[in-house]
Amino acid sequence: MSDSTAAVGDSTRAGGVADADERSAVSRSSQVLRQLKRNSASRVGLYVIGLVTLVALLTTIDADLFDYQFAATFWYHPENDPAGSTILLPPVGIENSFGTGSWAHPLGTDHRGRDVLVRLVYGTRIAVQVGLIATGIGMTIGTVVGAVSGYYGGWVDDVLQRFVESLYAIPFLILVIAIMSAFGRELGIAIVGVSITTIPVFTRLIRSQVLSVREMEYVEAAKAAGVRDRHIIFRHIIPNSFAPVLVQSTLQVGVNILIVASLSFLGFGVQPPTPSWGQMLAHSRQYMIVNPWFSIWPGLAILATVIGFNLLGDGLRDAIDPRSND
């Protein structure tokens, strides 16, 4: 009788601690949102990310569902060579050896006479798709692996960490290129490759958090109440270790966008004529003297997008860090 009473008491205590912990998490989330709103740099990052994501969504719909019909009807087709267009035109109001820029092509034309602005806009979808999807996959797998590794410890931790360290030892760009060389250069393979390079980042990060969280009172109470390990990991361990992962995820999106741009620059990303920022930079190399604007625009697009995610990540880190709220 006394054993059943103790078990009921442990269960009640575990439930009470868990409820209190959930209320505390909601309060922390509200505090983080208020802190983000007060941070002007974070707001700028949010605006940039919102704009880039909206453009990527609209261009993806037009490209995948309508085969560029919207662009071809109301603007220029981002892949086809336009008839009678002058190559390597500069931006509007600027003159070079190929002609004077006009409002017909506000940012000029490329080496095949295609509008730079329309290719810049439609190249957004590749960067955002790979950046967000690869980060999401890597974060999900890495979080689960790191949480299991840190929670169980022992031989489970040793095996998982040796696997993670083996991935970490290989330069990320070389690993992605090797994967794409073996399995193909499609966009899906690029996403898988970038995701694999992202897993160790989140695994090591959340494992370091779990090592301390697993010793907390509510975890011990849940164990004493007979709660399954799977429930403890996904209900208590991961949610209370996730704040640094959320910060890293925003920063990692920017890193992954740089990776996919580098792959395209080296010829391992999206293949022509599909527009991508790295591919535009690669094509502009031999024309940097006669028309430097051809390479400036995709470089600025990559820079602005990466800075936007970094600003948001820095803002999240400052908002989550209790010392920034003093």
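Accessible area here is the Shrake-Rupley surface traced with a 1.4 Å probe. By that yardstick, the protein chain in this predicted model exposes about 16400 Å², with carbon and sulfur atoms supplying 64% of it.

**The whole chain**

Start with a cartoon view. You will find 12 helices and two strands, and reading along the sequence gives the pattern α-α-α-β-β-α-α-α-α-α-α-α-α-α. Of the 326 residues, 43% count as buried. Now turn on contacts between residues at least 6 apart in sequence: 70% of them join residues at least 24 apart.

**Stop one: a nonpolar patch**

Next, select Leu54, Leu57, Leu58, Ile61, Leu65 and Phe66, and show them as a surface. Together they make a nonpolar patch of about 590 Å². Click on Leu58, which belongs to helix α2 (residues 40-66). Is Leu58 buried or exposed? Its relative accessible area is 52%, so it counts as exposed.

**Stop two: salt bridges**

Side chains of opposite charge can pair when their charged atoms come close. How many salt bridges does a search of the whole structure find? It finds nine, and a few of them are worth a visit.

Stay with helix α2 and pick Asp64 together with Arg125: their side chains meet in a salt bridge, at 3.6 Å from N to O. Because Arg125 sits in helix α4 (residues 116-152) and Asp64 in helix α2, the pair ties together parts 61 residues apart in sequence. Arg125 is buried, at 7% relative accessible area.

Then move to Arg112 and Asp81, whose closest N and O atoms are 2.9 Å apart in another salt bridge. Arg112 is in the loop between β2 (99-100) and α4, while Asp81 is in the loop between α3 (69-74) and β1 (95-96), so this pair links parts 31 residues apart in sequence. Both partners are partly exposed: Arg112 has a relative accessible area of 37%, and Asp81 has 40%.

Now select Asp110, Arg114 and Arg119, which are linked in a network of salt bridges. Within it, Asp110 and Arg119 bring their closest N and O atoms to 3.7 Å. Asp110 is buried at 2% relative accessible area, and Arg119 is buried at 2% as well.

**Last stop: Gly278**

Finish in helix α11 (residues 277-284), where Gly278 is placed. Gly278 counts as buried, at 2% relative accessibility. Which residues does Gly278 contact, leaving aside its neighbours within four places in sequence? They are Ala261, Ser264 and Phe265. Measure across to Ala261 in your viewer: the two C-alpha atoms are separated by 4.1 Å, although the residues are 17 apart along the chain.

Key. Residues are numbered from 1 along each chain as its sequence is written. This is a predicted model: local features need pLDDT of at least 70, side-chain atom pairs count only at pLDDT 80 or more; totals for chains, interfaces and linings use all residues. Side-chain values use heavy atoms; hydrogens and water are left out. Patches are made of residues with over 30% relative accessible area and no salt bridge: like charges are joined within 9 Å, nonpolar side chains (Val, Leu, Ile, Met, Phe, Trp, Tyr) within 5 Å. A salt bridge is a side-chain nitrogen of Lys or Arg within 4 Å of a carboxyl oxygen of Asp or Glu. Helices (H or I, at least four residues) and strands (E, at least two) are DSSP runs, numbered from the N terminus. Buried means under 20% relative accessible area, exposed over 50%, partly exposed in between (1.4 Å probe, protein chains only). Contact means heavy atoms within 4.5 Å.
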